[in-house]
Amino acid sequence: MDWLDEVKWDRDGLVPAIAQEASSGDVLMVAWMNRESLALTLQRGEAVYWSRSRGRLWHKGEESGHVQQVHEIRLDCDADVVLLKVTQRGHEPGIACHTGRHSCFYRRLDKDSGAWSPVDPVLKDPESIYK
């Protein structure tokens with residue numbers, strides 16, 4: 001059996017993929033992968049996702065230079081979520097978020113006010129990253 005056949009793809013042929021920083025354990029982002037992007041990720045050793053908004057393959061860092069070097073690919077117990085253990089390249093510290101932050105999970109809910117507040121700094125102005 002092909003290893004890709006073991007993944008439970010959704011009706012659109014996609015599976016959610018979590019990018020986790022190998023060194024710190026930080027969850028950097030969640031994206032989507034199809035069969036081709038997952039196969040390319042293994043082949044290249046760099047994260048390749050399926051962009052639902054663009055309707056095409058997306059090599060992480062193709063515009064920003066913030067490439068994700070993949071060390072491990074894991075599949076959860078239900079075979080419906082992929083975990084990539086990565087090193088975020090292109091900036092120190094690594095920038096995974098299009099907002100110029102280390103992680104896409106930079107907002108925290110304040111349970112008293114019920115408001116989401118940014119708690120992580122912008123490391124680089126997105127205007128200077130994306131042209």
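Which residues is D80 in contact with, leaving aside its neighbours within four places in sequence? They are K8, V15, P16 and L75. The model shown here is predicted, and this report walks through it site by site.

## The annotated loop

Start with D80 itself. This residue sits in the loop between strand 5 and strand 6. Its relative accessibility is 32%. D80 therefore counts as partly exposed, since that class lies between buried, under 20%, and exposed, over 50%.

D76 is found in the loop between strand 5 (68–75) and strand 6 (82–88). D76 is partly exposed, with a relative accessible area of 28%.

There is also a record to consider. UniProt, in an unreviewed entry, places the feature "binding site" at D76, D78 and D80. Such annotations may be inferred rather than shown by experiment.

## Strand 5 and a nonpolar patch

Now step back into strand 5. I73 has its place there. At 33% relative accessibility, I73 counts as partly exposed. I73 also belongs to a nonpolar patch on the surface, together with W3 and L42. The three residues have about 270 Å² of accessible area together.

## N34 and the start of helix 1

Is N34 buried or exposed? N34 counts as buried, because its relative accessibility is 14% and the cut-off for buried is under 20%. N34 lies in the loop between strand 2 (27–33) and helix 1 (35–44).

The side chain of N34 makes two listed reaches to backbone atoms. One goes to the backbone nitrogen of E36, at 3.2 Å. Another goes to the backbone nitrogen of S37, at 2.8 Å. Apart from neighbours within four places in sequence, N34 is in contact with W9, G13, L14, W50 and L57.

Follow the second reach to S37. This serine is found in helix 1. S37 is buried, with a relative accessible area of 0%. Not counting residues up to four places away in sequence, S37 touches V48, Y49, W50 and L57. W50 and L57 thus appear among the contacts of N34 and also among those of S37.

## Salt bridges

Side chains of opposite charge can pair when their charged atoms come close. How many salt bridges does the model have? The count comes to five. The table gives some of them, including the distance between N and O atoms.

| Salt bridge | N to O distance |
|---|---|
| D5 and R35 | 3.1 Å |
| E62 and R54 | 3.8 Å |
| R74 and E72 | 2.7 Å |

Take D5 and R35, which form a salt bridge. D5 lies in the segment before strand 1 (15–21), while R35 is in helix 1, so the pair ties together parts that are 30 residues apart in sequence. D5 is partly exposed, at a relative accessible area of 44%. R35 is partly exposed too, with a value of 34%.

Next come E62 and R54, whose side chains meet in a salt bridge. E62 has a relative accessible area of 36% and is partly exposed. R54 counts as partly exposed at 40% relative accessibility.

R74 and E72 also form a salt bridge. R74 is partly exposed, with a relative accessible area of 41%. E72 counts as partly exposed at 33%. Elsewhere, salt bridges that share partners join D2, D5 and R35 into one network.

## K124, further along the chain

Where is K124 found? K124 is in the loop between strand 8 (115–118) and helix 2 (126–129). K124 is partly exposed, with a relative accessible area of 34%.

Leaving aside neighbours within four places in sequence, K124 is in contact with H91, I95, T99, G100 and I129. W3, a member of the nonpolar patch, offers a second reference point. K124 and W3 are 121 residues apart along the chain, and their C-alpha atoms are separated by 38 Å.

Definitions and conventions: Residues numbered from 1 in each chain as written. Predicted model: local features only at pLDDT ≥ 70, side-chain atom pairs only at ≥ 80, totals over all residues. Heavy atoms only, no water. Helix = DSSP H or I, 4+ residues; strand = E, 2+ residues; numbered from the N terminus. Buried < 20%, exposed > 50% of the residue type's maximum accessible area, 1.4 Å probe, protein only. Contact = heavy atoms within 4.5 Å. Patch = residues over 30% accessible without salt bridge, like charges linked within 9 Å, V, L, I, M, F, W, Y side chains within 5 Å. Areas by Shrake-Rupley, 256 points an atom, 1.4 Å probe, with all protein chains shown as cover. Salt bridge = Lys/Arg side-chain N within 4 Å of Asp/Glu carboxyl O. Polar contact = N/O pair within 3.5 Å; in protein donor to acceptor, adjacent residues only side chain to side chain.
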